[in-house]
Amino acid sequence: MRLWQTVPPWKVDALITAAMLTLGVAGTYGRLSSSGLTERPLDPLGLMLIVVASLVLVRRRGAPVTVGVVTVGCAVAYYGARYPGIFAAGPALIAIYTAATLGRRRLAIGLGIALAAGTAVPVALADADPEPGGLSLLSGWLVAMVVLGEVTKNRRAYLREVEQRAIQAELTREEAALRRAGEERLWIAQELHDTLTHTISVINVQTSVALQTLERDPALTRRALLAVKESGKEAMHELRATLGVLRQADPDGPEVGLARLPRLVDRAEAAGLPVTTLTIGTRREVPPEVDRAAYRIVQEAFTNVLRHAGAASVTVTIEYAADMIELSVEDDGQTTTGTTDNGMGLIGMRERAVALGGSLTAGPRPGGGFAVRAELPTAAAP
């Protein structure tokens, strides 16, 4: 069936034309059938009617009305002249079938009625009752051609619909894949930004302390350098975890989340940033994406304090509400221009919150300092 569908339509029409012409001429001359009436020998006029009716079938798709009228007219004239055989009706039956497959139901029924009426006249005027078979079966063939044409039309429409749905499904899959790729690129960018900027900020602060205390306080210098080492180690761990996700492998170590907040606080305090942590409500398990986003928002807020606020203290408040987590990171340092613009850090924090169906606000506090507040729903994100 698939092989037949791959053949160009014009080749199919040419094959049908050749088959009808061969069957009409050879079958009639070979006396392979009988009309059931008193027949006269086939002469050039009868042969011409068979040839014309067969040849016009090459245009059966492009001009179904013309082809139908010609083939039915030739068949009526052929049997009206009492020429032999039933093959002369073949082209007319093909034309009726074609009209039905093209959705021209009225044309198909009209041609069938015309052919039935035209062949009924010589049957009615016959001197004797026609023999069984032959033209007496023509009405059944007419009905069969119309029904078969309708079935073929409906099947073709169904197959076209299936193909369209398959194409649409493929386009949808491609769009979904592109969307997922974009979301993954954004996620990677956010992860790398949050990890690297925080670590570099801590290292920058600690190296500054080490340079200032190198000669007068070797112990403090050592603590600063150990903090640099720990920050680098933590950054390497988080980068391996991110790359592990890209390789579709399990990250080496615990997932980033609020459970690691104490380590983040320790690093910030080692960098000279006093941190107070408050937890309101009963701590509970939250979806991994919410846990990760909460951790990253706090981490980025710490980074902004280290980079822009100067000497400051920070208060982190985590409130477990009924259906969300409310985060607040407030400092009492100096608010500079760098903390109030729409930098990549603030944009990344807001994108994380909005992606989960939550919200984030950031700006100067009325009494001085800077505040970051986020609401993260713990239900499934929309």
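Residues 42–58 come out as 71% helix and 0% strand, with 24 Å between the C-alpha atoms at the two ends. The model is a predicted one, so everything here is read off computed coordinates. The span 86–102 has 71% helix and 0% strand too, and its end C-alpha atoms sit 26 Å apart. Both spans carry the label "transmembrane region" in an unreviewed UniProt entry, which also puts that label on residues 12–30, 107–126 and 132–151.

Helix 3, residues 44–55, is home to methionine 48. With a relative accessibility of 44%, this methionine falls in the partly exposed class. Together with Leu45 and Val52, Met48 makes up a nonpolar patch of about 250 Å² on the surface.

Next come the charged contacts. Eight salt bridges turn up in the structure. One of them pairs the side chains of aspartate 13 and arginine 60, at 2.7 Å from N to O. This contact links distant parts of the chain, since aspartate 13 belongs to helix 2 (residues 9–29) while arginine 60 sits in the loop between helix 3 and helix 4 (64–80), 47 residues away. Neither partner shows much surface: aspartate 13 is buried at 5% relative accessibility, and arginine 60 is buried as well, with a relative accessible area of 7%.

Glutamate 150 takes part in a salt bridge with arginine 105, at 3.1 Å from N to O. Because glutamate 150 is in helix 7 (residues 138–213) and arginine 105 in helix 6 (residues 105–124), the pair ties together parts that are 45 residues apart in sequence. Here the two ends differ in cover: glutamate 150 counts as buried at 13% relative accessibility, whereas arginine 105, at 46%, counts as partly exposed. Glutamate 150 also meets the side chain of lysine 153 in a salt bridge of 3.3 Å, again N to O. That contact stays inside helix 7, where the two residues are three positions apart and therefore separated by about one helical turn. Lysine 153 is partly exposed, with 22% relative accessibility. Elsewhere, salt bridges with shared partners join Asp13, Arg60 and Arg61 into one network.

Further along the chain, helix 9 (residues 261–270) has Leu261, Leu264, Val265, Arg267 and Ala268 buried. These residues span an arc of only 160 degrees around the axis, so they end up on the same side of helix 9. Just past the end of helix 9, glycine 272 adopts a positive phi of about 90 degrees.

That leaves the strands. Strand 1 (residues 275–280) and strand 2 pair in the parallel sense, over six bridges, and one of the pairings matches isoleucine 280 with glutamate 319 of strand 2. On strand 3 (residues 324–331), the pairing with strand 2 is antiparallel and runs over seven bridges. Valine 314 has aspartate 331 of strand 3 as its bridge partner. A hairpin of three residues makes the connection from strand 2 to strand 3. Strand 2 itself, residues 314–320, has five of its seven residues buried, so the rest of the structure largely encloses it.

Notes
Residues numbered from 1 in each chain as written. Predicted model: local features only at pLDDT ≥ 70, side-chain atom pairs only at ≥ 80, totals over all residues. Heavy atoms only, no water. UniProt positions renumbered as here; feature names shortened; annotations may be inferred. Helix = DSSP H or I, 4+ residues; strand = E, 2+ residues; numbered from the N terminus. Buried < 20%, exposed > 50% of the residue type's maximum accessible area, 1.4 Å probe, protein only. Arc of directions from axis to C-beta. Patch = residues over 30% accessible without salt bridge, like charges linked within 9 Å, V, L, I, M, F, W, Y side chains within 5 Å. Areas by Shrake-Rupley, 256 points an atom, 1.4 Å probe, with all protein chains shown as cover. Salt bridge = Lys/Arg side-chain N within 4 Å of Asp/Glu carboxyl O. Pairing = 2+ DSSP bridges.
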